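Me: I would like the terms used for this model set against their definitions. Please take them one at a time.

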Amino acid sequence: MAVKKKLSESFPKALIEEVHKWGGMKQTGVSLRYMMEFGSKPTQRNLLISAQFLHKELPIRIARRAIELESLPYGLSRKPAVLKVRDWYLDSFRDLRSFSDIKDTKDEQAFTQMIKMIKVRHNNVVPTMALGVQQLKKDSNPKNMYPNLDEIHQFLDRFYMSRIGIRMLIGQHVALHDPNPPPDVVGYIHTKMSPMEVARTASEDARGVCLKEYGSAPDINIYGDPSFTFPYVPPHLHLMVFELVKNSLRAVQERFVDSDRVAPPIRIIVADGLEDVTIKISDEGGGIPRSGLPKIFTYLYSTAKTPLDEHSNFDSTDAMTMAGYGYGLPISRLYARYFGGDLQIISMEGYGTDAYLHLSRLGDSQEPLP
Ligand SMILES: Nc1ncnc2c1ncn2[C@@H]1O[C@H](COP(=O)(O)OP(=O)(O)O)[C@@H](O)[C@H]1O
Ligand SMILES: [Mg+2]
């Protein structure tokens with residue numbers, strides 16, 4: 001098999017065979033509700049069960065990604081940045097597989113330390129992959145490139161969705177070890193998360209980035225019931241609102257920069273339905289041309305100058321950049337979909353954009369497992 005041959009250039013044959021064996025095994029998805037119920041009793045016994053589950057589940061998920069990273073079209077697999085990412089996956093696979101069976105609390109604790117370290121190893125996967133795609137884009141003739149974007153885009157959707165799941169599982173397991181968890185917190189899950197509060201913090205953070213970049217920032221008004229709460233993962237919601245608000249701020253800022261009108265505020269509306277909590281982010285930033293709409297959820301489309309280059313330091317640029325990666329919308333949509341929600345963008349060119357972020361309240365949708 002061609003894939004095997006390439007991998008074996010730098011990795012022992014036994015490891016590659018192991019990766020293929022595990023990559024063919026069935027993944028097991030969990031739901032928000034399951035994680036919440038299971039995690040509400042973080043006894044030593046439950047932590048042991050959780051670690052045993054991850055010991056089997058993580059190598060399956062990681063092996064799949066490693067295999068896919070080897071078989072990307074148009075030479076993407078051979079780009080240095082992509083090889084780096086692939087090596088992180090192989091290293092993590094090896095770490096997991098060389099950990100013997102988890103039998104007692106001592107094993108469980110050592111295992112938890114190890115997966116914590118795996119999570120750190122993979123911190124920069126997104127900007128590193130972005131760099132790889134950038135390298136591909138730069139090296140190729142735009143004429144042959146266009147038909148291919150779809151395939152790469154779909155791969156990245158699968159790849160990042162899987163990453164969200166892996167990080168959620170590891171993060172949840174590690175967080176369950178907190179000896180004094182704050183009230184209503186189960187690992188990563190806040191059982192009484194106030195979407196208004198998270199929207200407010202995320203908006204303030206986005207305004208901070210905007211202020212730094214432009215020297216001023218439009219106002220943001222948030223409407224909804226401040227006492228309403230539901231179970232969700234606050235950092236996920238924070239990330240989505242942060243990205244959407246940054247987009248709105250940029251659009252409004254750039255539209256009104258030379259105008260004598262005061263920039264109209266961005267409006268965030270939080271609605272609590274029975275099935276969904278929907279957060280609408282509305283701006284008067286001029287909207288998106290209809291011809292551009294099919295591209296906004298791809299990983300290569302941005303109307304801002306890219307901040308990525310071979311020498312950039314990801315650690316500092318990652319979250320602090322206003323725009324330019326083209327990753328804000330597709331990644332936010334994946335986070336929404338991960339727990340059964342969705343993200344839609346409606347634009348009125350010449351006026352503004354509405355982003356509808358739907359979050360499923362039921363919590364029993366299974367992780368989508370690519
Ligand atoms: N609220 C908005 N108003 C106008 N254009 C937008 C808005 N949100 C997104 N866009 C367009 O979609 C593109 C992709 O957005 P995104 O995925 O967040 O990447 P980035 O912000 O890094 O460019 C933006 O570059 C912009 O052209
Ligand atoms: Mg953006």
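**Domains, sheet and a covered helix**

Reply: The centres of domain 1 and domain 2, taken over C-alpha atoms, are separated by 27 Å. The model is predicted: local features need pLDDT of at least 70, side-chain atom pairs count only at pLDDT 80 or more, and totals for chains, interfaces and linings use all residues. Residues are numbered from 1 along each chain as its sequence is written, while chains are lettered from A and ligands numbered from 1 in the order in which they are written.

Me: What makes 2–182 and 188–360 domains?

Reply: The bounds come from an automatic or database domain assignment, and that assignment divides the protein chain into domain 1 (2–182) and domain 2 (188–360). Their contact takes 23 residues from domain 1 and 19 residues from domain 2, where two residues are in contact if their C-beta atoms, placed from the backbone, lie within 7 Å. Of the side of domain 1 that touches domain 2, H9 gives the largest share, twelve residues.

Me: Why are S5 and S6 called paired strands?

Reply: Strands (E, at least two residues) and helices (H or I, at least four) are DSSP runs, numbered from the N terminus. Two strands pair if DSSP finds at least two bridges between them. Strand S5 (residues 266–272) and strand S6 (residues 276–283) have six bridges, in the antiparallel sense, and therefore count as paired. Ile269 stands opposite Lys280 in S6.

Me: What makes S3 and S7 edge strands?

Reply: The open sheet has five strands in the order S3-S5-S6-S8-S7, with mixed pairing. Strand S3 (220–223) and strand S7 (342–348) each pair on one side only, as edge strands do. From one strand to the next, the twist averages 15°.

Me: How do you know the direction of H10 relative to S3?

Reply: Axes are lines fitted to C-alpha atoms, for helices over the stretch in contact, and angles run from 0 to 180 degrees between N-to-C directions. Helix H10 (residues 195–214) packs on the sheet, touching S3, S5 and S6, and its direction makes about 175° with that of S3. For helix H11 (residues 234–256), which also packs on the sheet, the angle with S6 is about 20°.

Me: Why is H13 called mostly covered?

Reply: A residue is buried if 20 or more other C-beta atoms lie within 10 Å of its own, exposed if 12 or fewer, and partly exposed in between, with C-beta atoms placed from the backbone. In helix H13 (residues 328–338), nine of eleven residues are buried, so the helix is mostly covered. Among the buried ones are Leu329, Arg333 and Tyr335. The cover includes H9, H11, S7 and S8. Just after H13, Gly340 takes a positive phi of about 90°.
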